Amino acid sequence: MAWRELRPERRIGPTIADAPLRRRTGTWLARGLLLCGLLGTTPFLLPEYELHTLNLVLVNVLLAIGTNLVVGVARQFALSTGALFGVGAYVAALAQMRLGLPFLTALPLAVLAAMAVSTAVSLVAWRSGGLYLAMITFGFGEIFQFVLVHADALTNGPDGLAVPRPVVAGVALTGQADMALLFLPLTAVAILLYRLMETGRIGKVLTALGDSEVALASVGYNAQGAKTLAFAIQGAYAGLAGALYAAMIGFIDPYSFNLGVTLQQLTAIAIGGFGSLAGAVVGATALTLLERVVMDFAGLKEVAYGLALLAVLLIFPGGLAGLMFRKGRASA
């Protein structure tokens, strides 16, 4: 049980982490250089359509990571991903259009706004769980969409907003390659930060929360605070994804942030594998590519999602990421 790992441990003698430090540092340095090389060259190697798909993948990866943290790790069945995504998109757009702020200032504002909203939503999770939490957060998403539709003076209602292209250091990012140069490093940093949280004390606390709130409290942790932390982190990832999505698409409307977004991300982490970073990344990537393949066939997307979900859950219950790691260990 994860909560047992939160107990204080006595350190006796040298550990595995101490001994091969130089070798592990070299490995991480090599991986870092390889990642930098990929991040720097990919936008110049792919054509426009593939770059657009890549940027969509990155946005969905950010959304799936946040959803996975709350649903897959902390086991809080919240349906607020779509609304938080919309908060990030609208705050980033309105900050640029109404306040005249530059994109790089609007971006952190969008992240902070989505974090604040998600933190407020977490107060519901203090007293409710399971289906009650799901229904309440579903209602929150519906209210958010209602506000977007009827606050015409601010959001332009159902007609939506034409979002200006981001300008960074005096350079307008108009093409998909420009966007990829911005999206790739931001997503890489977001994944790295999540990995640090996942392997650190925060990850252990949230995993313990998902296992048992009572057991977590028995070792001296505040379960309510842990829930709020999980929701706030999800808000940050959804807000970042929303701001990047608005910048990439150049147009947002209330119907882009409905329950369908939340269900898509739940499907992604189910296909990739609940509770793991790799599952969120693999699931979001696979589902985005599948959507791009069937997008020209009306009604086929939902059928493809359903078939993919059934196939993975029935044949590979651990998700695609679990299957990949199992094969990797078998071949090692």
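Student: Which residues line the largest cavity?
Tutor: Keep in mind that this is a predicted model, where local features need pLDDT of at least 70, side-chain atom pairs count only at 80 or more, and totals for chains, interfaces and linings use all residues. Numbering runs from 1 along each chain as its sequence is written, and side-chain values use heavy atoms, without hydrogens or water. A cavity is a set of points on a 1 Å grid over the protein atoms alone where a 1.4 Å probe fits but cannot get out, and lining residues have an atom within 4 Å of a point. Here, those residues are L79, G82, A83, T137, F138, G141, E142, Q145, F257, N258, L259 and T262.

Student: Which helix gives the most to the lining of the largest cavity?
Tutor: Helix 3 (81-97), helix 5 (130-150) and helix 11 each supply at least two residues (helices are DSSP runs of H or I, at least four residues, numbered from the N terminus). With five residues, the top contributor is helix 5.

Student: And what volume does the largest cavity have?
Tutor: The count comes to one cavity of 30 Å³ or more. Volume means the space filled by probe spheres set on the points, which are joined across faces, edges and corners. For the largest cavity, that's about 70 Å³.

Student: Which residues are closest to the centre of the second largest pocket?
Tutor: A pocket is an open set with protein on both sides within 12 Å along at least five of seven lines. The second largest one has a volume of about 580 Å³. Of its 24 lining residues, the closest to the centre are V261, Q264, E291, K301 and Y305.
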